[in-house]
Number of protein chains: 2
Amino acid sequence: MEQPRGEAAAPGITVAVIGTGLIGVGWAALMLARGLSVSAWDPSPGFAERLASQVEARRAALAPLGLVPNLSRLTAAATLEEAVYGAGFVQENAPDTDAAKRPLLATLDAATAQGVPIASSTSALLLSPLVADLPGAERFLLGHPINPADLMPLVEISGGERTSRATIDRAVAFYRSLGKRPVVLNREVAGHIAGRLAAALYREAVALVEDGIADAATVDEALSASMGLRWAATGVHLSYHLGGGPGGLAHYLDHLGPAQERRWASMRTPALTPDLKARLVSEVEAIAAGRSVAELEAERDARLAALLRALGAAEARHG
Amino acid sequence: MEQPRGEAAAPGITVAVIGTGLIGVGWAALMLARGLSVSAWDPSPGFAERLASQVEARRAALAPLGLVPNLSRLTAAATLEEAVYGAGFVQENAPDTDAAKRPLLATLDAATAQGVPIASSTSALLLSPLVADLPGAERFLLGHPINPADLMPLVEISGGERTSRATIDRAVAFYRSLGKRPVVLNREVAGHIAGRLAAALYREAVALVEDGIADAATVDEALSASMGLRWAATGVHLSYHLGGGPGGLAHYLDHLGPAQERRWASMRTPALTPDLKARLVSEVEAIAAGRSVAELEAERDARLAALLRALGAAEARHG
């Protein structure tokens, strides 16, 4: 193996990226573009070449933001222990199952120098039950990115009962140094915030299709041309504040709160039956119109980069 | 009154804007910026001066998009009948109650030249029951914008059983000529598409606050930094297609459909009690941090315009 690069050799710390699937690739690409060194490990054979080529493939997506991954700072470690040696931060991105994560996190705790934060990218699991009994429980945290992890600003952070405040603070500072917009949850919840909001909206989006109100393409266009833009500009609570006019949210809730409650009561939970799934797939294929997932991802990434540049410019003007 | 301007005097048609509250102002500002003439009417005394100054006040929001409302094409009519005389399209924006809309729509049907489409901006009501018995039922449609109506691209269109296909087609073409992104629903539903998606997400956003997972500011930041951007770039159905990797939505639903269903089952409907409303208002005031609704609107509008410019540029590149 090459020596993991430490602070002496690099302007930033070395981050151990453990697990180099889609999310690990995104983390590595961003960290390498932000001047950090990445020491990566994955148990699958041949991961080093795949990782290098997949990080390379993120150049086009990152270029509009002026971000260029520096592959000379990427090291593929031969073992997990080598990957975490000298690392100042560990980002774990293993398959999202208890069976995969639990032993891995225990091994990471044993192998990683004391006090170094170990963040898990888990989307589906609660972290605390996986690490509560580990000696280093205080340095574990949730550090959940949104796909594509190199472009999406959000990182959701939460800790368990044993996670130290210092760990959370260091993680917030670390993700900010990557240009991320980290948020800290008061406590863990399945799906965190963004995943729950997405699931809540998807529930209704599926119901609208099943009820024949509109096809998937129409629902998607309606969302992109309205609430997507709105929520990229202002969050949902603040949006309803503005929806109340000069009286703000208090006026909104007094006058339209009952209408919200009626709407909530009118919603239902679809069952993802084989028939409904087949219909959703067929209608999404109509949206794709022959474009592969990779082609659609490239179009999405170009739009995301344009939106991020625009928001950055708008913020700069508003100071 | 001044004469309503017809096609002879203007490059575009004259639109009758009936009701000049927040939504009517937005419609008028956009139409005047797109080269149309607007003949406006509102029953409230002094509306003409308020409308002119409020349209004028939209200049700053529209300027980044190169849109400049031409106030010389704005006519304040003395009566509803004068407003619709010579109009090629009617956009109704009265208060969103059955009591306000029902007699108004009947009067509009009687006063407006045969065959001229009459679109209602209603958010809360179903249109068909209000117009089903009118002689001109076939020319009524829902033409629902999203606030701010001059910036948000979406217009939701639906008709009742008696609405003609020609009416829908003309409305789609009309809104497209304004630079809008119209979508046509297969049938009416309370809240249309965007309002239902917003309510579905708001339900969970309120539950997250009530459950103490995070305060309103954190929920809003998490949404803006993730799903807002994502859904502005690609709709929700297509997003899950991309979430499935090379296998697309079929793979996603087979592998993570059960997780979605578990998440849906874990959600609940909050009750907007006085205590919860007070808490939401207090947490939104923390986000506002002393800024008035008008100041927050100006910031939102600047971000929206920047996002719209960015998307337009990204689309132009992708051709």
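# Close-up views of a two-chain predicted model

**View 1. A pair of facing residues in the sheet of chain B.** Val38(B) sits opposite Leu74(B), which belongs to S3(B). Keep in mind as you look around that this is a predicted model. The strands involved here are strand S2 (residues 37–41) of chain B and S3(B), which run parallel and are joined by three bridges.

**View 2. The whole sheet of chain B, with a visitor from chain A.** Zoom out a little and you find eight strands in an open sheet, ordered S3-S2-S1-S4-S5-S6-S7-S8 (chain B), with mixed pairing. At the edges are strand S3 (74–76) and strand S8 (181–184) of chain B, each of them paired on one side only. Going from one strand to the next, the twist averages 25°. Which helix of chain A packs on this sheet? That would be helix H9 (residues 216–224) of chain A, which touches strand S7 (154–158) and S8 of chain B. The direction of H9(A) makes about 145° with that of S8(B).

**View 3. The sheet of chain A and a helix packed on it.** Chain A has an open sheet of eight strands too, in the order S3-S2-S1-S4-S5-S6-S7-S8 (chain A), and its pairing is mixed. Strand S3 (74–76) and strand S8 (181–184) of chain A are the edge strands, so to speak the ones that pair on one side only. On average, neighbouring strands here are turned by 25° against each other, direction ignored. Helix H1 (residues 22–33) of chain A packs on this sheet, and the strands it touches are strand S1 (14–18), strand S2 (37–41), S3, S4 and strand S6 (140–145) of chain A. H1(A) makes about 160° with the direction of S2(A).

**View 4. Two details within chain A.** Strand S4 (residues 89–92) of chain A pairs with strand S5 (residues 118–120) of chain A in the parallel sense, over three bridges. Look for Val90(A): its bridge partner in S5(A) is Ile118(A). Elsewhere, helix H2 (residues 47–56) of chain A lies across S2 and S3 of chain A and runs at about 160° to S3(A).

**View 5. Helix H11 of chain A meets helix H9 of chain B.** Helix H11 (residues 236–243) of chain A and helix H9 (residues 216–224) of chain B have axes 7 Å apart and pack at an angle of about 105°. H11(A) and H9(B) are therefore roughly perpendicular. From H11(A) come Val236(A), His237(A) and Leu238(A), and they meet Ala216(B), Val219(B), Asp220(B) and Leu223(B) of H9(B). That contact has five nonpolar residues, one polar and one charged.

**View 6. Helix H12 of chain A crosses helix H8 of chain B.** The axes of helix H12 (residues 248–266) of chain A and helix H8 (residues 194–210) of chain B cross at roughly 95° and come within 10 Å. H12(A) is thus roughly perpendicular to H8(B). Gln260(A), Arg263(A) and Trp264(A) of H12(A) make the contact with Arg196(B), Ala199(B), Tyr202(B) and Arg203(B) of H8(B). Here the split is three nonpolar, one polar and three charged.

**View 7. Where the two chains touch.** How many residues does each chain put into the contact? Chain A supplies 97 residues and chain B supplies 97 residues. On the side of chain A, helix H14 (residues 293–318) gives the most, with 17 residues. That side of chain A divides into 59 nonpolar, 20 polar and 18 charged residues. A rotation of 180° with 0.0 Å of shift along its axis superposes chain A on chain B (RMSD 0.0 Å), which is the relation of a two-fold axis.

Technical notes
Residues numbered from 1 in each chain as written. Chains lettered and ligands numbered in written order. Predicted model: local features only at pLDDT ≥ 70, side-chain atom pairs only at ≥ 80, totals over all residues. Contact = placed C-beta atoms within 7 Å. Helix = DSSP H or I, 4+ residues; strand = E, 2+ residues; numbered from the N terminus. Nonpolar A, V, L, I, M, F, W, Y, C, P; charged D, E, K, R; others polar. Axes fitted to C-alpha atoms, helices over the stretch in contact; angles between N-to-C directions. Parallel < 35°, antiparallel > 145°, perpendicular 65-115°, else oblique. Pairing = 2+ DSSP bridges. Least-squares fit on C-alpha atoms with pLDDT ≥ 70 in both.
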